[in-house]
Amino acid sequence: MRKVGYSDTELTWLYVNPQIYKQGFGRALVRHAIADSTSAMELEVLEGNTPALKLYLTEDFKVVKRSEGRLVGNEAFTAVGLVLRHERT
């Protein structure tokens, strides 16, 4: 299973079944969202999610903000989140 949720300015979620990791599905979904966007795109990722962060950085997203505390969508616990941005070229 692979799914991506996005708007013109935000990649809101990306899911790839762990059984099919490292086969290019996540990268294809990210590239589809970028190609379908008409402006810069942002996303949020938890700091410890190294595979996701690596994927986004290799697709030219840049870290633009780091937040610590109770993050939107993760209010039940303290976390560190990164905001990444991809500029249209």
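These legends walk through close-up views of a predicted model, one small group of residues at a time.

**View 1. Tyr56 and Phe61 form an aromatic pair.**
A search of the whole structure turns up one aromatic pair, and here it is: Tyr56 and Phe61 meet edge-to-face. Their ring centres are 5.7 Å apart, and the planes make an angle of 65°. That angle is why the pair is called edge-to-face, since planes over 60 degrees apart fall in that class. Both partners are out of sight of the surface in accessibility terms: Tyr56 is buried, and so is Phe61.

**View 2. Ser37 sits in the loop between helix H1 and strand E3.**
Helix H1 covers 25-36 and strand E3 covers 41-46, with Ser37 in the loop that lies between them. Is this loop residue buried or exposed? Ser37 has a relative accessible area of 3%, so it counts as buried. Its side chain reaches the backbone oxygen of Ser39 at 2.8 Å. Setting aside residues up to four places away in sequence, Ser37 touches Asp8 and Arg88.

**View 3. Met1, Trp13 and Tyr15 make a nonpolar surface patch.**
The patch made by these three residues has an area of about 340 Å². Trp13 belongs to strand E2, residues 11-16. With a relative accessibility of 43%, Trp13 counts as partly exposed. Patch members need over 30% relative accessible area, so Trp13 clears that cut-off with its 43%.

**View 4. Glu42 and Arg85 join two strands through a salt bridge.**
How many salt bridges does the model hold? The count comes to six, and this view shows one formed by Glu42 and Arg85, whose closest N and O atoms are 2.9 Å apart. The pair links distant parts of the chain, with Glu42 in strand E3 and Arg85 in strand E5 (residues 74-86), 43 residues apart. Neither end is buried: Glu42 counts as partly exposed at 28% relative accessibility, and Arg85 counts as partly exposed at 27%.

**View 5. Arg66 forms salt bridges with Glu47 and with Glu68.**
The side chains of Arg66 and Glu47 come together at 2.9 Å, N to O. This pair, too, links distant parts of the chain: Arg66 is in strand E4 (residues 62-71), while Glu47 is in the loop between E3 and helix H2 (50-58), 19 residues apart. Arg66 is partly exposed at 48% relative accessibility, and Glu47 is partly exposed with a relative accessible area of 34%. For the salt bridge between Glu68 and Arg66, the closest N and O atoms are 3.2 Å apart. Glu68 has 60% relative accessibility and therefore counts as exposed.

**View 6. Arg27, Arg31 and Glu59 share a salt-bridge network.**
Here is a neat trio to look at together. Salt bridges with shared partners join Arg27, Arg31 and Glu59 into one network.

**View 7. Lys22 and Asp60 have positive phi values.**
Most residues other than glycine have a negative phi, so these two backbone spots deserve a look. Lys22 has a phi near 65° and lies in the loop between E2 and H1. Which accessibility class does Lys22 fall into? With a relative accessible area of 80%, Lys22 is exposed. For Asp60, phi is near 70°, again a positive value in a residue other than glycine. Asp60 is found in the loop between H2 and E4.

**View 8. Ser67 in strand E4 is in contact with Ala79, Val80 and Gly81.**
Those three contacts leave aside the neighbours of Ser67 within four places in sequence. At 21% relative accessibility, Ser67 counts as partly exposed, because the buried class covers values under 20%. For a sense of scale, try adding Thr38 to the view: Ser67 and Thr38 are 29 residues apart in sequence and 27 Å apart in space, C-alpha to C-alpha.

Methods: Residues numbered from 1 in each chain as written. Heavy atoms only, no water. Phe/Tyr/Trp six-rings, centres within 6.5 Å; stacked < 30°, edge-to-face > 60°. Buried < 20%, exposed > 50% of the residue type's maximum accessible area, 1.4 Å probe, protein only. Helix = DSSP H or I, 4+ residues; strand = E, 2+ residues; numbered from the N terminus. Polar contact = N/O pair within 3.5 Å; in protein donor to acceptor, adjacent residues only side chain to side chain. Contact = heavy atoms within 4.5 Å. Patch = residues over 30% accessible without salt bridge, like charges linked within 9 Å, V, L, I, M, F, W, Y side chains within 5 Å. Areas by Shrake-Rupley, 256 points an atom, 1.4 Å probe, with all protein chains shown as cover. Salt bridge = Lys/Arg side-chain N within 4 Å of Asp/Glu carboxyl O.
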